[in-house]
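Open your viewer and keep the sequence panel in sight. We will go from one pair of elements out to the whole chain.

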Amino acid sequence: MSVLAGLSGGLFGVLWSGLVSTPWLAAGVAENPSGWQAENLPRLAAGVLLRAISGAALGFLFWLGWGLIAVLRAPWPVIGALFGLLCWAGAALPVLATLGMRVQLPRHSLRVHAIDWLVSCLAIGLLCAYAWY
């Protein structure tokens, strides 16, 4: 159930990415017009697959790490948000930070992707915690 909840959270991230992040990134194209790659079907499908697999993997980690629930004894939204923040801080944030240090990307782009993955991780964490309780 946690794996399915994580997969669903990852797919929620796809909705966020398509409805919020893509237009937000397009608004920042003026910073780096030569580096912009418009959304197309293969890129969209790869994003869906990446988020679904990431969500399922994080759901599996949530299932493995159910000790968080026993230690905190907090309501499921608190557990889910904390798990999502921990996943984001341990996975997405370091990747974005190293990209920012090594590749000249516009800060706007890094900011949008950081928020994009934060929303995905929070959705995954909340849905996993809800499924567990």
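A crossing is called left-handed if the near helix is turned anticlockwise from the far one by less than a right angle, and right-handed if clockwise. This is a predicted model, in which local features need pLDDT of at least 70 and side-chain atom pairs count only at pLDDT 80 or more, while totals for chains, interfaces and linings use all residues. Residues are numbered from 1 along each chain as its sequence is written, and side-chain values use heavy atoms, with hydrogens and water left out.

**First stop: H1 and H5.** Select residues 2–27 for helix H1 and residues 107–132 for helix H5. Their axes lie 8 Å apart and meet at an angle of about 155° (axes are lines fitted to C-alpha atoms over the stretch in contact, and angles run from 0 to 180 degrees between N-to-C directions). H1 and H5 are therefore roughly antiparallel, a term for angles over 145 degrees. Turn the pair until one helix is in front: the crossing of H1 and H5 is right-handed. The residues in this contact are 14 nonpolar, twelve polar and one charged (Ala, Val, Leu, Ile, Met, Phe, Trp, Tyr, Cys and Pro count as nonpolar; Asp, Glu, Lys and Arg as charged; the others, Gly among them, as polar).

**Next: the whole chain.** Switch to cartoon view and you will find five helices and zero strands (DSSP runs: H or I of at least four residues for helices, E of at least two for strands, numbered from the N terminus). The C-alpha trace spans about 50 × 30 × 20 Å along its principal axes.

**Last: colour by accessibility.** Of the 133 residues, 33% count as buried, meaning under 20% relative accessible area with a 1.4 Å probe, protein chains only.

Methods:
Angles under 35 degrees count as roughly parallel, over 145 as roughly antiparallel, 65 to 115 as roughly perpendicular and the rest as oblique. Buried means under 20% relative accessible area, exposed over 50%, partly exposed in between (1.4 Å probe, protein chains only).
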